[in-house]
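This report describes how the chains of one protein model meet, and then turns to some of its aromatic residues and to one helix. Please look over the sequence and the structure before reading on.

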Number of protein chains: 4
Amino acid sequence: MKVSIIGATGYAGAELLRILYGHPQAEVVHITSESHTEEPISAIYPHLDGIYDLKLESMKDIVNIGKDSDFVFIGLPHGHAMAVGKALEGLPVRIIDLGADYRFSDTSIYETWYKVPHTHKNAKRVYGLAELCRDKIRNAKIIGNAGCYTTASILALAPLAKEHLIDVNTIIVDAKSGTSGAGRGIKQQTHFPDMYDSFAAYNVAHHRHTPEIEQAVSALSGEKCTLNFTPHLVPMSRGILATCYASLKPGVHADDVDEAYNNLYMNEHFIRLRGRGAYPETKWVRGSNFCDIGWHIDERTGRVIALSAIDNLVKGAAGQAVQNFNIACGFDEKTGLDFAPIYP
Amino acid sequence: MKVSIIGATGYAGAELLRILYGHPQAEVVHITSESHTEEPISAIYPHLDGIYDLKLESMKDIVNIGKDSDFVFIGLPHGHAMAVGKALEGLPVRIIDLGADYRFSDTSIYETWYKVPHTHKNAKRVYGLAELCRDKIRNAKIIGNAGCYTTASILALAPLAKEHLIDVNTIIVDAKSGTSGAGRGIKQQTHFPDMYDSFAAYNVAHHRHTPEIEQAVSALSGEKCTLNFTPHLVPMSRGILATCYASLKPGVHADDVDEAYNNLYMNEHFIRLRGRGAYPETKWVRGSNFCDIGWHIDERTGRVIALSAIDNLVKGAAGQAVQNFNIACGFDEKTGLDFAPIYP
Amino acid sequence: MKVSIIGATGYAGAELLRILYGHPQAEVVHITSESHTEEPISAIYPHLDGIYDLKLESMKDIVNIGKDSDFVFIGLPHGHAMAVGKALEGLPVRIIDLGADYRFSDTSIYETWYKVPHTHKNAKRVYGLAELCRDKIRNAKIIGNAGCYTTASILALAPLAKEHLIDVNTIIVDAKSGTSGAGRGIKQQTHFPDMYDSFAAYNVAHHRHTPEIEQAVSALSGEKCTLNFTPHLVPMSRGILATCYASLKPGVHADDVDEAYNNLYMNEHFIRLRGRGAYPETKWVRGSNFCDIGWHIDERTGRVIALSAIDNLVKGAAGQAVQNFNIACGFDEKTGLDFAPIYP
Amino acid sequence: MKVSIIGATGYAGAELLRILYGHPQAEVVHITSESHTEEPISAIYPHLDGIYDLKLESMKDIVNIGKDSDFVFIGLPHGHAMAVGKALEGLPVRIIDLGADYRFSDTSIYETWYKVPHTHKNAKRVYGLAELCRDKIRNAKIIGNAGCYTTASILALAPLAKEHLIDVNTIIVDAKSGTSGAGRGIKQQTHFPDMYDSFAAYNVAHHRHTPEIEQAVSALSGEKCTLNFTPHLVPMSRGILATCYASLKPGVHADDVDEAYNNLYMNEHFIRLRGRGAYPETKWVRGSNFCDIGWHIDERTGRVIALSAIDNLVKGAAGQAVQNFNIACGFDEKTGLDFAPIYP
């Protein structure tokens, strides 16, 4: 399959290149960047020297890029993928957007949280969380790849929501991400001496991944869910840990919880159930497409605490995009993703 | 005042030495360590070379150390301070225990969570969280210095509990600590390559700081409180951030919350209210006795999210101990603690 | 090819497992550990869960392991590989030792620096630095895989020594390694709070990689070389940067230096010449088998400063071992190693 | 003494504020910033909230600031202090410049390396490395505070140069600095994910601290010295380690080296000689004005390797400035600097 990456110089784009290099069925044919047009990718990302000879192009000629590609991955800031989606509408090329533009079935939620008008409301799109949306992904024209925090959060909560074990309005997700999640753009906050040896929350009560988690939990449980999501930046590069709290419904036992996790995920290669009482750590999934999950029951408070760890750039972005690509192409889902995490 | 430190070679002991060096009213006369007896403190802690000439002694002769001291600080693992407290019972020396032995008014709670019998149940003791227990600390014989996570958590929750603004049984504290909080003893988990670039929770639903927070919230609110407390280790050295969630009672407005924080802390030098919508960061308190607090109201879910940042070794241990010492001695509370955080 | 790993629970062993998982021609059949016998490898290294189902065995039955293997990789502390080498002497199995036992042609140098007797002096062994010793590696029975610091240092110095451009007795190698280089065993020095946010040298003038670099430079230049090698630990996990100084011989020009690098390495896939004036960074090689090299000429002092960056666990250990394995098997050298570095 | 800080929002300025807060003889009266005029310092540096109430002013009215101050500290980029120095020429106010403008006795060297014309050549200035230039500092009008790398390097080399124990043209200084040394301005290179977990050299053979070290070594030894200086950035916040190599002159023994260090520094409070064979670590000096020194003799190569560790923002900048201020005022040198390093 011929694939192109629109917006290849962000961290997710670079990670797509890293992963696709090992994918036996994919050939990267075009990569774009408006600020580095004509430069070889290895000039911006020296780690790709000897790996890729490609030069960055402008996306101005998106239609021809689309004609020349079987799949287009989009790594643009939110609000910019819709124009690409519309431009490629009549072509056979299929799209995997790593941003938020195609993640919401109700575009008014997108408009409220992202503060931009949705200009492609009738797009044929599916939500791209591979383990939960596999069937719809298979034939999708446009896949709205799930976000990083949301992937970790939804995978941790899904069995509980699906089996109606929790009161979905008691959900609190306290999430922590490595700094690569804040992107490649330089800011005072992510200047090394400002970020190193410090820890803080941000966007409390209004982070844009909140409605995405709510959408998924509501769909799984069949009940409208409103929840709290709190992100924090950790002084490390990669990795997300989501600590998810919810009150168990009366009469729910620990065994029910165990069963729900096992039932939903027992055949999922990329989900490693660590079990009840276990502590996933981001180091064990670093660089890989795995999501490790553990859960705990607090009898004193009647709450379940579910923990999930992913690599935000892999299962939380580029790896999941390739997994979705595999599903959409009918390949084995592990194709190009069957490698071990990198530790230490 | 002549002061001694029993168990001086842990991180809290070393930090006490650092702080007391700048205290104009305190002279350190004895420091003890059973494993480094007779060694100069600068052999274990080269940063104290040129600062202290003291040699470590055994605590076997605790009575004479007690006779020779106005105050004894105890930096021993839990379960070991009670013997010291009993040995010094008849002497005029006063005690500040940085461990947990004297923190609970109901010793059965201590026994349940710490799994050791309490052997000094009738000790005249007070809980040592300076801002909240000042009056009792003044004349106390034994001060059970508040724990690190608990100091951050209780200071964030106190105004809400005291003014009855929250349902205390909806409290969830999701806390994150720098690795110095795990102590100086070496373990695989805190081996550099295992800790660096990774993030995880531990002791979910059964960390021993849970009942200490519950005790304080119950006392402040007058209602029995059961809560969830989840600690995590951050790949950094110092600092705690506590993210505290609770449901607001019906009819409570954002202004009520603001007022509660301002009323309780307006005259507290070491508590810096960053205000509603603010994000405390551990870097702004590093090395200091400050506790920075911010809070957020989520109208969608009806919850308040309170954030507090401290240096776990200062306000969470040695600094608070010195603050309690100042109160107990009738000194200005800032004595020896009036220095700026160290940034970056 | 059936391969086994003797001493699989160190960092180099774990890294071998990570790399060999992606090697199409290798099947790992036995892994050993004396302290974790009978445990699944994923119990010690959870990142390998879902990757390997193997259990650790004792190496007591080394002969049968040898009979059952085409290649044995040894990841034992120095001094322990010789017994394995001797035990397998009569078998067709070939050996790649990641330790120092088989690195020296003059075993008295080994004995002087490593303070243990060499008990396998007549072993048919070759030095395992792939780019420089390829021809001998092809048919070797025992390959003494080059050390981590030494790989970085020798690759940086080789063109200069080989072309007689420098006075080999003016060489100073100032090297810096990530903490994984100090191994998985816990020590106070590598306890997270002790290692983090600190920097120091160690083993000045007597690190054991010194004679290994001298051996290689002497062989390349034909002159006996005595040099200074100074290692430092960097508060990061992976990566070595070697900063190598030497005085240029009279009349040597910058172009001669450029030419020497280009001549020696122009066809080497794993050596990426960044060129004169360039600054290799460990982040650009992280997780990969690449060695990035840059060099600088200081006209004022007449010195050349060569810089090389490798991942100490890959090109400095497991990756190089697999490269040597490929050479010894007649495979393409890139087999199983043709993946991109992981950044950020 | 009334002191002002011109350019107070860089890291060195912030560190000056931290230190001066604890100085019993100094009152900070003016602080300037052109980009943050009128803002309170705590808005930019929240760690100083509750510590300083000062607002930033413009330096446009430098003459009045000078009239209102006994001392002015300058924390501007190089090239900008000369205008301040000239503007204050006729006033009694004295100046400590933390930049490079007043460090060179031969201004042509400054012009060559810094690529700007020196516009204040006849300034009455002294070099501000306290331990070596104390007598001249006492009555100086303008003190050119020594640089960070240079302080570490010169203090390590001074005894060797002064006692003619080394060939000064064999000196190589391989130095490593925490990232705060690169300043507060944001750059891609110091973006957290780019800096973290990576190590590299920069400015090989042309870093501007080179001639400053040469000037000092030449003055001490009486011989013109040309040397190599190579800086590297370490993924940590504070601290410099300088690894200094030089060939011993024939007949020089280890005892001579020991004696040279002891003679020069035996009464220096801020220099802690760790002794021959010792390894200074940046963690033991963090946050303090100490410089820790160790040295090693390599009999095989005839070289001495001297190691020194400082906190780049304290002994390498603000702390040394305060030490110089104390000397210039006739105060005890330790005034305001007599605090312990912060560890861990």
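## Contacts between the chains

Where chain B meets chain A, 52 residues from chain B and 52 residues from chain A take part in the contact. The model is a predicted one, and the values that follow are computed from it. Between chain B and chain A an area of about 4,100 Å² is buried, and carbon and sulfur atoms give 50% of that area. On the side of chain B, the residues B:Asp197, B:Phe199 and B:Arg300 supply 16% of the area that this chain buries against chain A, which is more than any other three residues supply.

The interface of chain B and chain A also holds eight salt bridges. One of the salt bridges joins B:Asp174 to A:Lys176, with the closest N and O atoms 2.9 Å apart. In addition, 40 residue pairs are in polar contact between chain B and chain A, counting pairs with both residues at pLDDT 80 or more. Several elements of chain B give two or more residues to the side that touches chain A, including the helix α9 (209-221) and the strands β8 (172-178), β10 (228-234) and β11 (240-247). Sorted by class, this side of chain B has 24 nonpolar, 16 polar and twelve charged residues.

The contact between chain C and chain D can be described in like terms. Chain C gives 52 residues to this contact, and chain D gives 52 residues. About 4,100 Å² is buried between chain C and chain D, with 50% coming from carbon and sulfur atoms. In chain C, the residues that lose the most area to chain D are C:Asp197, C:Phe199 and C:Arg300, which together make up 16% of what that side buries.

Between chain C and chain D there are eight salt bridges. The table sets out one salt bridge from each of the two interfaces.

| Interface | Residue pair | Closest N and O atoms |
|---|---|---|
| Chain B and chain A | B:Asp174 and A:Lys176 | 2.9 Å |
| Chain C and chain D | C:Asp197 and D:Arg286 | 2.9 Å |

Across the interface of chain C and chain D, 40 residue pairs are in polar contact, with both residues at pLDDT 80 or more. Among the elements of chain C that each supply at least two residues to the side touching chain D are α8 (192-195), β13 (291-298) and β14 (303-310). That side of chain C has 24 nonpolar, 16 polar and twelve charged residues.

## Aromatic residues

Over all chains, the count comes to 62 aromatic pairs. In one of them, the ring centres of D:Tyr261 and D:Trp295 lie 4.2 Å apart and the ring planes meet at 10°, so this pair is stacked. Because D:Tyr261 belongs to helix α10 (residues 254-265) and D:Trp295 to strand β13 (residues 291-298) of chain D, the pair ties together parts that are 34 residues apart in sequence. D:Tyr261 counts as buried, at 0% relative accessibility, and D:Trp295 also counts as buried, at 2%.

One aromatic cluster is formed by A:Phe192, A:Tyr196, B:Phe192, B:Tyr196, C:Phe192, C:Tyr196, D:Phe192 and D:Tyr196.

## A covered helix in chain C

Helix α1 (residues 11-20) of chain C is mostly covered, with nine of its ten residues buried. Among these buried residues are C:Tyr11, C:Glu15, C:Leu16 and C:Arg18. The buried residues of α1(C) pack against α8 (192-195) of chain B, and also against parts of chain C that include β1 (2-6), β2 (27-32) and α11 (314-329).

Definitions and conventions: Residues are numbered from 1 along each chain as its sequence is written. Chains are lettered from A and ligands numbered from 1 in the order in which they are written. This is a predicted model: local features need pLDDT of at least 70, side-chain atom pairs count only at pLDDT 80 or more; totals for chains, interfaces and linings use all residues. Side-chain values use heavy atoms; hydrogens and water are left out. Contact means heavy atoms within 4.5 Å. Buried area is the accessible area (1.4 Å probe) that two parts lose on being put together, summed over both. A salt bridge is a side-chain nitrogen of Lys or Arg within 4 Å of a carboxyl oxygen of Asp or Glu. A polar contact is a pair of N or O atoms within 3.5 Å; within protein, one must be able to donate a hydrogen and the other to accept it, and residues adjacent in sequence count only if both atoms are side-chain atoms. Helices (H or I, at least four residues) and strands (E, at least two) are DSSP runs, numbered from the N terminus. Ala, Val, Leu, Ile, Met, Phe, Trp, Tyr, Cys and Pro count as nonpolar, Asp, Glu, Lys and Arg as charged, and the others, Gly among them, as polar. Rings of Phe, Tyr and Trp (its six-membered ring) pair if their centres lie within 6.5 Å; planes under 30 degrees apart count as stacked, over 60 as edge-to-face and the rest as tilted. Buried means under 20% relative accessible area, exposed over 50%, partly exposed in between (1.4 Å probe, protein chains only).
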